[in-house]
Amino acid sequence: MKVTAARPDGDHAARADRPPTYDHYLRLPELLRLQQPVSDEPDELHFIVVHQAMELWFRLLLHDLRALVGLLDDSRLTDCCTRLRRINDTMGVLLTQLRSLRALPPAGFHAFRGRLAGASGLQSAQFRELEVTSGLRHEAYLRTVRAVHGGALPAPVAAALRHRSVAEAHQDAARREGLTGWPELYLPQRAGSPLYLLSELLLDYDESWLRWRTEHVALVRRVIGGATRGTGGTSITYLERTLGHRFFPYLWESRDHLPGAVQDAHRADHPPLEPPTGCPARHEGDNRA
């Protein structure tokens, strides 16, 4: 197969006589032309780069989450753990990038914020696709997404709903492993099993999004305050309500039932001692031989 190298001017004519360079392979000339500030405010470039980079990381997350569903369906639980470690590393990068916006001076942000008009992160179709692919699919959530996008789900989100989520594939894999209830996963006989390790990594992923949303709320309060509405028209209370979103609520709720499950398992392993049979009980004062 011949390699087609992109020229700096965007021409993709085949150059079989020359291997691709770093710039050509990564399409850097085109990529670096995509940062187009709408103001002369120097801090706007930071804002654009962070959000464009997050969308690229979203793309990688979607790629890995779709692969994860396939691995779960094939019951390749060890491979799932390997994939999830990369997913969780990516979440760490996303959180760090979001935190970098804390260095954005409020006055600098307000200098170009008005030019964003109604452009808002709420409109990110990839972000919604990530949530749906992970497992967030209840009707109240979908109504909100429709409202943000003019009454209809974005095409990628609607397409994602036609496929199984990570949460659905995970629950099916657990049933194939013989799990009868999620508290059972945390009993000693399951400790260290591939299903246990996989489930804890999924919980880490879910917790990473909780941390991301928490950081987002704090960032909004830090930069524009709690009374100013976002460019998409939402209030801070909307963002605070999203802190309740969970992709794998059954893993969190299993902790509530764990004490009872542990006690039941202990009683099953250590039944009460029965008194010996065939020997009459001796009563106090009974001196008969």
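This short talk introduces a predicted protein model, beginning with its overall fold and then turning to particular residues.

Good morning, colleagues. I begin with the secondary structure. The protein has 12 helices and zero strands, and from the N terminus onward each element in the order is therefore an α element. The chain of the protein holds 289 residues, of which 38% are buried. The exposed area comes to about 16900 Å², and carbon and sulfur atoms supply 56% of that area. As for contacts, among those in the protein with a separation of 6 or more, 70% join residues that stand 24 or more positions apart.

Let me now turn to helix α3, which covers residues 44-73. Two of its residues present a contrast. Leu56 lies in helix α3 and is exposed, because its relative accessible area is 51%, where exposed requires over 50%. Phe58 belongs to helix α3 as well, but Phe58 counts as buried, because its relative accessibility is 4% and the limit is under 20%.

Where does Leu56 take part in a surface feature? Together with Leu31, Leu32 and Leu34, Leu56 forms a nonpolar patch on the surface, and the four have about 390 Å² of accessible area together.

Phe58, in turn, has partners from elsewhere in the sequence. Leaving aside neighbours within four places in sequence, Phe58 is in contact with Leu94, Ser124, Gln126, Phe127, Leu130 and Trp209. One may also note Met91: the C-alpha atoms of Phe58 and Met91 are 9.3 Å apart in space, while the two residues are 33 residues apart in sequence.

I move on to the aromatic rings. The count of aromatic pairs comes to 13. One of them joins Phe47 and Phe109 in a tilted arrangement, at 5.4 Å centre to centre and with 40 degrees between the planes. This pair links distant parts of the chain, since Phe47 is in helix α3, Phe109 is in helix α5 (residues 106-113), and 62 residues separate them. Phe47 counts as buried at 17% relative accessibility, and Phe109 is buried at 9%.

Phe58 and Phe127 form another tilted pair, at 5.9 Å centre to centre and with 45 degrees between the planes. Here the link runs from Phe58 in helix α3 to Phe127 in helix α6 (residues 125-134), 69 residues apart. Phe127 counts as buried, with a relative accessibility of 12%.

Elsewhere, ring pairs link Trp182, Tyr205, Phe247, Phe248 and Tyr250 into a cluster. In addition, Arg246 lies over the face of Trp252, at 5.3 Å from the ring centre.

My final topic is charge. The count of salt bridges comes to 17. In helix α6, the side chains of Arg128 and Glu131 meet in a salt bridge at 3.2 Å, N to O. These two residues are three residues apart, about one turn of the helix, and both are buried. Arg190 and Glu184 also form a salt bridge, at 3.2 Å, N to O, and both Arg190 and Glu184 are buried.

Are Arg146 and Glu139 buried or partly exposed? They meet in a salt bridge at 2.8 Å, N to O; Arg146 is partly exposed at 25% relative accessible area, and Glu139 is partly exposed at 40%. Lastly, Asp73, Arg164, Asp172 and Arg175 are linked in a network of salt bridges.

Thank you for your attention.

How values were computed: Residues numbered from 1 in each chain as written. Predicted model: local features only at pLDDT ≥ 70, side-chain atom pairs only at ≥ 80, totals over all residues. Heavy atoms only, no water. Patch = residues over 30% accessible without salt bridge, like charges linked within 9 Å, V, L, I, M, F, W, Y side chains within 5 Å. Areas by Shrake-Rupley, 256 points an atom, 1.4 Å probe, with all protein chains shown as cover. Helix = DSSP H or I, 4+ residues; strand = E, 2+ residues; numbered from the N terminus. Buried < 20%, exposed > 50% of the residue type's maximum accessible area, 1.4 Å probe, protein only. Contact = heavy atoms within 4.5 Å. Phe/Tyr/Trp six-rings, centres within 6.5 Å; stacked < 30°, edge-to-face > 60°. Lys NZ or Arg CZ within 6 Å of the ring centre and 35° of its normal.
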